[in-house]
Amino acid sequence: MTEAMAETMQVRAAVFRGTDGDRLSVETLALAPPEHGEVRVAVRAAGVCGSDRHVLDGEWQVPLPAVMGHEAAGVVEAVGAGVRGLAVGNHVVIAWHQACQRCGECAGGKPWACTRARSNDSLLPDGTTRWSDAADGSAAFPYLATGAMAEAIVVPEFAAIKIDERVPFDVASLIGCSVGTGYGAVANNARVVAGESAVVVGAGGVGLSIIAALRLAGANPIVAVDVSEAKLAEAERAGATGALLSGPDLAERVHEATGGGADVAFEAIGRVPTMQQLPELIRPGGRAVFVGLPPEGQKVEIDGLLLAYEGKTIIGSNYGGLVPARDFPRVAGAYLSGALPLDDLISARVGLDEVNEAFDAMRRGERTRSVILFER
Ligand code: APR
Ligand code: ZN
């Protein structure tokens, strides 16, 4: 590491203080250099994801002030001591679920189930933060141990996954959350095989990613369900072979479209009523996969006979069961081959100063995905 790289930097970042409603402020914070096993990444693109909105709208509590954002891609610009797998100049996608890499779950190929992960603590895995207030030195916290809506971030080496440089940064950023989650739900959690029928409830950023991954897996038909005609049109562009507006007779119409219920159904909204209905959309022996995150503490009721008599399977999905070091390059490869069309998932490219407008557009249900681009 060179002398210059070891210095604390002044970095512009989108910060949530919780003192001005749901508004973020773009501020200059101090970012300490990467320590042992860490890298500093110049962020080039950061997606505006629903999980950030949960915090801004008071649905989930996190330590404040928080540097928001967790869906990002960029270029390694400094490496700490002991970093073996990355070098300055590498293009990387950030994994926000920072597993310890050493416990039984991690060693067994389930890093998303890591018992020591600190992904929700807003701290790096060593329990510290590299962020502080540029004026008074008080701590600031990286949301989901990432804090990616910033010109630069420091993360552990294992949270920055090297990918092919030909993947544009805006697309690459989505691989770290929405696209990776959708791909993983299909490939890892549901293990969809060619020819299976599928239904996806909710065609937002995550739902469209699931649809694209279903097409990659060869599912047919792929039925999209949403309350918005505009979202259903996007779903058809992403690979859905059919689209249904939500309504009271939804289960009946899904059964008609899939010849008796889908082999596999995905909930990609995080609402209890749609989660409860999911097992009714699949055939006996089918799989219902829960991807959307409901508000804390809400219960989902399911008819026991659907499980014990009709043999339906409920599958939980956390970060798509991703093994980032294996799955991010796979997703990037599928994109580069043309088999996984991801460009259309991005509906707006904005600057860091437009971050509040991007969240407002999400609240109005206008955009699939806004991506913040950084020029540095
Ligand atoms: N029936 C069908 N579709 C609905 C309904 C409903 N009752 N209510 C909302 N929707 C649709 C919206 O129109 C929108 O297209 O669900 C979609 C939700 O998409 P987004 O708000 O863009 O959310 P997204 O970023 O895709 O995340 C979905 O996954 O990872 C989690 O935290 C995330 O819980 C969130 C979920
Ligand atoms: Zn996300």
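A334 is buried in this predicted model, with a relative accessible area of 11%, under the 20% cut-off for that class. The residue sits in helix 10, which covers residues 324–337. Its C-alpha lies 8.2 Å from that of L216, although 118 residues separate A334 and L216 in sequence. Two bound species are described below: ligand 1 and a zinc ion, ligand 2.

**Surroundings of ligand 1**

- The shell around ligand 1 holds 18 residues.
- The closest of them are G205, V206, D226, R271 and L293.
- By class, the shell comprises six nonpolar, eight polar and four charged residues.
- Ligand 1 lies between two domains, because domain 1 (9–176 + 346–373) and domain 2 (182–318) both contribute residues to its shell.

**Polar contacts and burial of ligand 1**

- L293 uses a backbone N or O atom, which is 2.9 Å from an oxygen atom of ligand 1.
- R369 places a polar side-chain atom 3.2 Å from an oxygen atom of ligand 1.
- S51 has a side-chain N or O atom 3.4 Å from an oxygen atom of the ligand.
- On its own, ligand 1 would expose 740 Å², and the protein buries 83% of that area.
- Helix 1 (50–56) and helix 5 (205–217) are the elements that supply two or more residues to the shell.

**Zinc site**

- Which atoms coordinate the zinc ion (ligand 2)? They are SG of C49, NE2 of H70 and SG of C177, at 2.0 to 2.2 Å.
- The donor residues follow the spacing C-x20-H-x106-C along the sequence.
- H70 is in the loop between strand 4 (66–67) and strand 5 (72–79), whereas C177 is in the loop between helix 3 (169–175) and helix 4 (178–189).
- H70 and C177 therefore tie together parts of the protein that lie 107 residues apart in sequence.

**Burial of the zinc donors**

- Is H70 buried or exposed? H70 has a relative accessibility of 1%, so it counts as buried.
- C177 is buried as well, at a relative accessible area of 6%.
- Both values fall under 20%, the cut-off for a buried residue.

Technical notes: Residues numbered from 1 in each chain as written. Chains lettered and ligands numbered in written order. Predicted model: local features only at pLDDT ≥ 70, side-chain atom pairs only at ≥ 80, totals over all residues. Heavy atoms only, no water. Near = heavy atom within 4 Å. Polar contact = N/O pair within 3.5 Å; in protein donor to acceptor, adjacent residues only side chain to side chain. Areas by Shrake-Rupley, 256 points an atom, 1.4 Å probe, with all protein chains shown as cover. Helix = DSSP H or I, 4+ residues; strand = E, 2+ residues; numbered from the N terminus. Nonpolar A, V, L, I, M, F, W, Y, C, P; charged D, E, K, R; others polar. Domains from an automatic or database assignment. Donors = N, O, S within 2.8 Å, 3.2 Å for Na, K, Ca; no water. Buried < 20%, exposed > 50% of the residue type's maximum accessible area, 1.4 Å probe, protein only.
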